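Me: I should like to go through the reasoning behind several descriptive terms. Please set each value against its definition.

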Amino acid sequence: MSQTAQAPAGGGPPGGGSSKRAPRGAACLNCRRRKMRCDGARPVCGQCIRTNREVDCEYTDGPGPSPTQVLEEQIARLESRIRELEHPELVPPSVTLNPATAGALWTQSPAGTFAPLRSIGSASRSLLSRVITPDVMSAAIPAGPVPVLSEDPAVEPPQDLVRNLVNAFLPHSATLSFFLHIPRFMQAMQQPNVDQRRAQLSPALLNAVYLWGAHLSTSNALRAYEPIFQARVTNALSSALRESQYSVINLIQAEVLVANYFFSMSRFLEARYHCSAAVALALSCRLHKMRSSTDQGLGRAGARHGEQVREYSLPPPRDAIEEGERMRGFWVVYVMDKSWAVAMGSPSHFNGIAQSGSHVDTPWPLEMAQYEAGGFPPEYRNALTVYNFVTGGLAPPVGGRESQLTLRAKAATLFEKATILATEWSSANTDRNEFYGRFVALDGLIDRFIASLPPVERSASPDHALTSLVTHTLARAATIQLRSNFKDYDRMNDGKDFLAAQAAALALEHTNITSNNVDPILAAPSLPRPATYASVAASAIAGPSSARGPQRDAIRAMLDRVLAAMNRFRETSPLMGMLHDGFVSVQGAM
């Protein structure tokens, strides 16, 4: 916001000693609250300048809601959601069937509506606006009395139960973004002394692992504990920051696991809350400045003058493995924030630190095995990691190859960049030649990145295959999103979006998915496996009549493969099941 106030109508010094009072109802929100005389100057009134409250000066009579009004609306939605969670018997359910599409799609009450992403095609917008945030757990959880277990997260469950839950979690740890060193985690878990175990692993982290173990277990007896562990981990996280004896890295990992859980359950409001908490913790620890060649550690990036910001000063890592946990933890948070910000139609938190002049300097992450072998050389330093990538800078990867997490972070970056660029297009107001130059540059970067990806079928393990599938899908989604607003502009309507959707479907077909769980980002409403495919299908069918028959057959075959995969994971991801049913109706209309 500009610091320079304009002179109010009728003359007088800008923000100066004029005693002219703004007309009734024209005062800024800050002066109204403080019951101060306001001159109504825009963008910042004189009263707010004199009292050094420029950042609080805002008006409510603009074309859209003010930042304060937006926050108040978000708080109201959160309070409403909390009331539903605490007293479900007193609050009418926010989830109802849409009579017009009963049995196919769900609707959401206005209190829980998420704004659709502007850059996605019309088919995607209509579907995204009808995705729900359900209050109930998966129907597969057995009915009947819940086993007795304290909801106090500090109370240890029976050891047999812990063992079974951890064993159910571990095979899926990679797809759930578990970035901690598993041998060290298991060594701490197997401590015979409960106090020693709790000294190394926070209750928040333990209960997050137990929650996923219960959710993914094939045992109905274990799945019956899922609501209890959901309550336990929520309680643990709410008090975790007050308990300084636990590692902040533990808390970041717990927030990531819980965010992924709620995303998988399509409970987006809670998911974004925990995702934001993970980002805040990562930035407060300055994990984006690890091994920086430029950062001097002088406070958090983006903090305004005089703002009180709590920072967590981490001691130097004990060894390369601990440094690897921190680096990989940062990039896991980065990927989650970037990917779901696009899916939810909200800005990424990391865009804010870039706009403030601070950039991500932490090097692209290595595989954990490389950290076990020593990690980065002691003198290695880095700067402008993401900036150099998106501007085409080339940097040879340490160790000779890029890690799976590095490739996924780059794919998420390109996906967001393509989406943002597409939203900037306006056929009436855009300099077409300048915009086309940026379009070609980003399109070329995406093409080169896709060409550098190893094929999914050459993955060394099922876990790597699933991670590679997500990377390929995000990269192809970037190609699709980049063209999402240009169907009427021939220079950019080159058909690559449809080819990208076909390639993503083929990557899915060539992946032998043996797990009963996949990364929930693949079910996000704006990614190509559901809604973007539908958008491509709708635009393709609207093409030349001579091509409608073959195109329709190709689109049907593509959607058949995608829907079959979505249907397979509906038990562990309710979002998958709901989107599957919705897109079946789209396919039937083709």
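Me: Why is Ser-266 counted as buried?
Reply: Ser-266 has 0% relative accessibility, so the residue counts as buried, the term for under 20% relative accessible area (exposed is over 50%, partly exposed in between; 1.4 Å probe, protein chains only). The model is predicted: local features need pLDDT of at least 70, side-chain atom pairs count only at pLDDT 80 or more, and totals for chains, interfaces and linings use all residues. Residues are numbered from 1 along each chain as its sequence is written, and side-chain values use heavy atoms, with hydrogens and water left out.

Me: What is Lys-35 called, buried or exposed?
Reply: Lys-35 has a relative accessible area of 74% and is therefore exposed.

Me: What makes the phi of Ser-266 notable?
Reply: Its value is near 60°, positive in a residue other than glycine. Most residues other than glycine have a negative phi. Phi of Lys-35, near 55°, is likewise positive in a residue other than glycine.

Me: Why is H13 called roughly parallel to H17?
Reply: Helix H13 (residues 320–344) and helix H17 (residues 404–423) pack at an angle of about 30°, with axes 9 Å apart. That makes H13 roughly parallel to H17, since angles under 35 degrees count as roughly parallel (over 145 roughly antiparallel, 65 to 115 roughly perpendicular, the rest oblique). Axes are lines fitted to C-alpha atoms, for helices over the stretch in contact, and angles run from 0 to 180 degrees between N-to-C directions. Helices are DSSP runs (H or I, at least four residues), numbered from the N terminus.

Definitions and conventions: Helices (H or I, at least four residues) and strands (E, at least two) are DSSP runs, numbered from the N terminus.
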